[in-house]
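Subject: Structure handover

Hello,

Here is the structure I promised to pass on. Please open it next to this message; my notes follow below.

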Amino acid sequence: MLVRTIRDIKNGAKMGFSSLLRRSFSVWSGTVVDMGNKDGELRVFMVAGEVSGDSIASRLMASLKKLSPLPIRFSGVGGPRMSKEGLESLFPMEDISVMGMWELLPHLNKFRVRLKETFEGAILFRPHVVVTVDSKGFSFRLLKQLRARYGWQESNGPLHFHYVAPSFWAWKGGEARLKGLANFVDHILCILPNEEAVCKLNGLDATFVGHPVLEDIVEFNLGKQASPHDLKIEGNSEDFRRKYALSPGAAVISLLPGSRLQEVIRMLSIFSHAFDQLKDSIPELITVIHVASNQHVENYIDGVIHKWPVPAILIPGGHQHLKYDAFSASTVALCTSGTVAMELQLARLPCVVAYRAHILTEWYIQYKAKIPYISLPNILTDSAIIPEALFQACTPTNLASLLMKLMHNKRLQEEQIVAAENVIKLLFPSERIINLEEQMEWKFPNFTPSMIASSTILSHVKS
């Protein structure tokens, strides 16, 4: 079905979707598009609870608008990037941006209120499709409630898609828990290799669409040729240094403290003490702090930056070129574990990954995790290429030591750069998609993860 739909999309791009519909609407028979055609529009209810989810969802919205032969209307919960694509969020996305069992407890009442508001908003909107992006704690509760409301047999109930498979591969018993998802999730949009096959083995429809970080290449290299065999982003170091009047001898370290307020508060304090230890050993040390597009995070960093031990430059979220220019001007980076580690891979910037949580959350992770790493590049290569300072080992002294070692060891830097090339290739969509691209003369960046995800949604046949 995906092959047929993409062929129709290609033809539609040439002749116009209205002409394609008049010519042969039968290709969409029984699909999501067919559901929307009965109402003259396609209604999509979307939920994202994180900065990374806001980015993924906004790109999906843009792709759906490009590919849908019907007018499309959105509702749900999201952030500033989704807002630019036409979503009026039911409430600030930051209200559900909480990760960790014990970290959630102080926010539990608000979480329940927002879940109720989201459920009621979805019912009033009467969507044909519900798409939740990551944030599985909130997302799965919502999807369970919606499925219970409509029931299995009710023909007018929406189809449920979840974008970003839960990390079942990281936890003891994680794969076994996949079986239960089929009760309330109709299709999983996977971003990592091998997830699709495992989901299907456990009764879940799934499609590997590729990792969303690949779309940074599209945004950064717009109008340029990009190859799946040379996936990287080279920012302009000279422009960045000139813009911020940095001396030739300035040693620049990019710092990415996280996207959730709770983790930024926890990590920024540790990072500050680490840089306090580094300042006497590294002349002209400059910190470039990348601030997530989260109003609470922005306000917090603005309030504490005056206490930072070395000169600092703040890079606001959502400025792709400026971010990668800063990466290019940096020698190394220090980041809280998350999607940013993959962005650093695209930039070929060596880094140190750090992570701390509530002590009980840390205990739970250590007890339940079945893999020794936390950063995705290390997980995908099954090797400790990127230094990780986790839990009790995440101290200012350890971080300062790891950064010093990485900054002054070209061999270690080169090992990370070489490994990054292999990691990025693993994130590209599956071979059948790449082969299809070649057969149909579509070239990257047209075959982006969001385009494949959109095609999967539109072509899904309701059983």
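Two strands count as paired when DSSP finds at least two bridges between them. With that in mind, take one bridge as a starting point: Val130 has His160 in β4 as its bridge partner. Please keep in mind that this is a predicted model.

**Overall**

The chain has 22 helices and 12 strands. Of its 463 residues, 56% are buried. Among contacts with a separation of 6 or more, 71% link residues 24 or more positions apart. The exposed area is about 20000 Å². Carbon and sulfur atoms supply 53% of that area.

**The sheet**

How are the 6 strands of the open sheet ordered? The order is β2-β1-β3-β4-β5-β6, and the pairing is parallel. At the edges stand β2 (72–77) and β6 (206–208). Each has a single partner strand, so one side of each is left without a neighbour in the sheet. From one strand to the next, the twist averages 20°.

Two helices pack on this sheet. Helix α4 (residues 51–67) touches β1, β2, β3 and β4. The direction of α4 makes about 165° with that of β1. Helix α7 (residues 108–125) touches β1 and β2. For α7, the angle to the direction of β1 is about 170°.

**Strand β3**

Strand β3 covers residues 129–133. On one side, 5 bridges join β3 to strand β1 (residues 42–48), and the two run parallel. Here Val44 stands opposite Val129. Strand β4 (residues 159–163) also pairs with β3 in the parallel sense, again over 5 bridges. In that pairing, Val129 stands opposite Leu159.

Is β3 buried or exposed? Buried: 5 of its 5 residues are, so the strand is largely enclosed by the rest of the structure. Val129, Val131 and Val133 point one way from β3. Val130 and Thr132 point the other way.

Thr132 deserves a look of its own. This residue of β3 has a relative accessible area of 0%. The cut-off for buried is under 20%, so Thr132 counts as buried. Leaving out residues up to four places away in sequence, Thr132 touches Val47, Ser139, Leu142, Leu143, Phe161, His162 and Tyr163.

**Helix α15**

Helix α15 spans residues 320–329. Why is α15 described as largely enclosed by the rest of the structure? Because 8 of its 10 residues are buried. They are Gln320, Leu322, Lys323, Tyr324, Asp325, Ala326, Phe327 and Ala329.

**Helices α19 and α20**

Two packed helices are described by the angle between their axes and the distance between the axes. Helix α19 covers residues 396–407 and helix α20 residues 410–426. Their axes come within 6 Å and cross at roughly 90°. That makes α19 roughly perpendicular to α20. On the α19 side, the contact is made by Lys405, Leu406 and Met407. On the α20 side, Leu412, Gln413 and Gln416 take part. By class, this contact has 3 nonpolar, 2 polar and 1 charged residues.

**Where to look**

For a quick tour, begin at β3, with β1 and β4 as its parallel partners. Then turn to Thr132, with its relative accessible area of 0%. Finish at the crossing of α19 and α20, at roughly 90°.

Best wishes

How values were computed:
Residues are numbered from 1 along each chain as its sequence is written. This is a predicted model: local features need pLDDT of at least 70, side-chain atom pairs count only at pLDDT 80 or more; totals for chains, interfaces and linings use all residues. Side-chain values use heavy atoms; hydrogens and water are left out. Helices (H or I, at least four residues) and strands (E, at least two) are DSSP runs, numbered from the N terminus. Buried means under 20% relative accessible area, exposed over 50%, partly exposed in between (1.4 Å probe, protein chains only). Contact means heavy atoms within 4.5 Å. Accessible areas come from the Shrake-Rupley method with a 1.4 Å probe; for residues, only the protein chains shown count as cover. Axes are lines fitted to C-alpha atoms, for helices over the stretch in contact, and angles run from 0 to 180 degrees between N-to-C directions. Angles under 35 degrees count as roughly parallel, over 145 as roughly antiparallel, 65 to 115 as roughly perpendicular and the rest as oblique. Ala, Val, Leu, Ile, Met, Phe, Trp, Tyr, Cys and Pro count as nonpolar, Asp, Glu, Lys and Arg as charged, and the others, Gly among them, as polar.
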